[in-house]
Structures are given as structure tokens and as C-alpha cells.
Amino acid sequence: MPPNFDTGVPNIARIYDAMLGGKDNFAADRDAADRLTEVEPLAPLYARQHREFIGRAVRLVAGYGIRQFLDVGTGLPTMDNVHQIAHRQVPGSHVVYVDNDPNVCAHARALLADDPGTVAVVEEDLRRPEAILAHPETRRLIAFDEPLCVLVTAVLHFIADTDDPHRSIRVLTEAMCPGSHLVISHITDEEVRRTRPDDNRTGMDVFAKSNAPMHPRNVPDIERFLDGLEKLDPGLACISEWAAPAPSVIRDDLRDTWLGAVARKP
């Protein structure tokens, strides 16, 4: 196990894994997932639909001819990872996974050991975008003078404003050439506060006891991550409805909890 590995502290990657029905989690993570489901009964459904959103986004940009992907804050490997989706669409696509969790990186490297030619794992932090861009593995697989897709999903709401995540995204998008795409997802509590103003139990309470407290943002602040880019239809929308082939099953009172978007650099 990596140093300072504490199985008694819920870990955001392992909580997500537990909600997806994965096996790379511990009792503390499963307890946190249970508490999260108690206060937000649709949380496991949202976790599954978030994976589906990522799949639709990757297939979409691959259809535009994009064959290199930088996935920042990838989380634990699960079913239908970005490289698997990309390789089905465009065989030989290059994918670099980035995460600041040594455990996540160790799992990812084990999974990808047989495919070093097109896939790499970088242990870095979204709060250090220059280091991500300069990493030898990033430079080995990503050609920044060709269009690429940068994915930053399910991680921005775990970075505080004091760490300036908007700057991090700006650094990454400035490195992209025209025709590149950015995929983001972000949790907002605007709808919950509006429809359940007296409910003091929220998912934030669960994550406050984890290795990464949650920092939901309002819609205008989430839109700022897309500044200077052209949003693809339907714009910033509920992950369950973003380019989905079938009507959403999400209740109206939670429709705007987890938003996603894909945007193109002109």
C-alpha cells in the first residue's frame, strides 16, 4: 500500500467506487456511501449516470476525430474507462490518466500494464496544471499541436475556491490547440437549497468527513469554467439528460444537482 494509506478515512474515489458496486473500497467508504444514499437516495443512480455521461462525451468527441485524451481526476478504474471507450471508437487513441491519489494511480497502472504504448498514468494534482502538462508521460502521448480532449469530471467540486480551480482549467485550455474539447461535470446545490431549504442533511456532510470536502458552486460559477469556449448542445445540463437518447428518470427536485458540459476551443 502507498505510504499514509488510511483505510479508516473515507476516500472520495472509493466512495464513488462503492456506489458503482465496485470492489476497490473499504468499510469506511461503504459506510460513507450508505450515509450519502440515506440523505440523497438518488446518489447511486447519479454515479451510474455520470459514467454514462462520460461515455457519451467521449464517443461524441471521438466522432469528431479526436484521438488523444487527458483525463484529470480520473478516480479508480471501473467499467468502461475512457481508454476503453476511445479505443472502441478510434483504435490507437492515446489516453493519459491523471490523479493525485497514489492508490488510484497504483490500481490504474496495474489495469493498464499491458497497454503502455497508448495509455499512461500520471500522479499529479489538478491544482498543479503546469506540472500535468510538463510531465514526461503527458508529453510522450499528447501532442498539443493536435486537437485533444481534456476531461475534468467529478473533481472540480472537491477543490476549494482558495485553490483557484478556474485558473487550473484556464491553464489546461490555453494549452489546447483550436478544435480541442473540454468535458466537465460539477455538482451544484442550488436546486436542493431551493426545494428543500429546511433540510440540513446533505451529501456535503458526508464528504466533510472524507479525504476531500465538497465545494458545490452555483451555475454562473460553473459556467465560468467554459469561458472562451463554444458549448456544444445542450450546453451545461443535467448529466442524466446531456445528449441522452432516452428521457431522464430523475425527479424534478434533483434535476439540477449534477451538471455536465462539453465545449470546443474555437
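**Figure 1. Close-up of H181 in strand β5.** H181 belongs to strand β5 of this predicted model. Its relative accessible area is 3%, and H181 is therefore classed as buried, the limit being under 20%. Leaving aside residues up to four places away in sequence, H181 is in contact with V61, Y64 and I66, with L148, C149 and V150, and with M176, L232, V262, A263 and R264. One of these neighbours, C149, is itself buried, at a relative accessible area of 0%.

**Figure 2. Close-up of I184, also placed in strand β5 (residues 181–187).** I184 has a relative accessible area of 0% and is buried. Beyond the residues up to four places away in sequence, I184 touches F53, V152, T153, L156, I222, F225, L226, L259, G260 and A261. The C-alpha atoms of I184 and A57 lie 9.6 Å apart, although 127 residues separate the two in sequence. For the chain as a whole, 75% of the contacts with a separation of 6 or more join residues 24 or more positions apart.

**Figure 3. The largest cavity and its lining.** The chain has one cavity of 30 Å³ or more. The space in the largest cavity is about 110 Å³. Its lining consists of 13 residues, of which T74, G75, P77, N81 and Y97 are the closest to the centre. Two or more lining residues come from each of the helices α3 (43–63) and α5 (102–111). Sorted by class, the lining holds eight nonpolar, three polar and two charged residues.

**Figure 4. Helix α1 (residues 12–19) and the glycine that follows.** Six of the eight residues of α1 are buried, so the helix is mostly covered by the under 20% limit. The buried residues of α1 are A13, R14, I15, Y16, D17 and M19. In an α-helix, residues three or four places apart point the same way, because there are 3.6 residues a turn. After α1 comes G21, with a positive phi near 85°.

**Figure 5. The cis peptide bond between D233 and P234.** The omega angle of the bond that joins D233 and P234 is about 10°. P234 sits in the loop between β6 (230–231) and β7 (237–238). C238 is buried, with a relative accessibility of 2%.

**Figure 6. D164 and A243, two residues with positive phi.** D164 is not a glycine, yet its phi is positive, near 50°. The loop between β4 (149–152) and α8 (165–175) contains D164. With a relative accessible area of 34%, D164 is partly exposed. A243, likewise not a glycine, has a positive phi of about 50°. A243 is found in the loop between β7 and β8 (258–264). A relative accessibility of 43% makes A243 partly exposed.

**Figure 7. The whole chain, shown for reference to the close-up views.** The secondary structure comprises 11 helices and eight strands. Of the 266 residues in the chain, 55% are buried. The accessible surface is about 11,900 Å², with 51% of this area belonging to carbon and sulfur atoms. The chain has zero disulfides.

Definitions and conventions
Residues are numbered from 1 along each chain as its sequence is written. This is a predicted model: local features need pLDDT of at least 70, side-chain atom pairs count only at pLDDT 80 or more; totals for chains, interfaces and linings use all residues. Side-chain values use heavy atoms; hydrogens and water are left out. Helices (H or I, at least four residues) and strands (E, at least two) are DSSP runs, numbered from the N terminus. Buried means under 20% relative accessible area, exposed over 50%, partly exposed in between (1.4 Å probe, protein chains only). Contact means heavy atoms within 4.5 Å. Accessible areas come from the Shrake-Rupley method with a 1.4 Å probe; for residues, only the protein chains shown count as cover. A disulfide is a pair of cysteine sulfur atoms within 2.5 Å. On a 1 Å grid over the protein atoms alone, a cavity is a set of points where a 1.4 Å probe fits but cannot get out, and a pocket is an open set with protein on both sides within 12 Å along at least five of seven lines; lining residues have an atom within 4 Å of a point. Grid points are joined across faces, edges and corners, and a volume is the space filled by probe spheres set on the points. Ala, Val, Leu, Ile, Met, Phe, Trp, Tyr, Cys and Pro count as nonpolar, Asp, Glu, Lys and Arg as charged, and the others, Gly among them, as polar.
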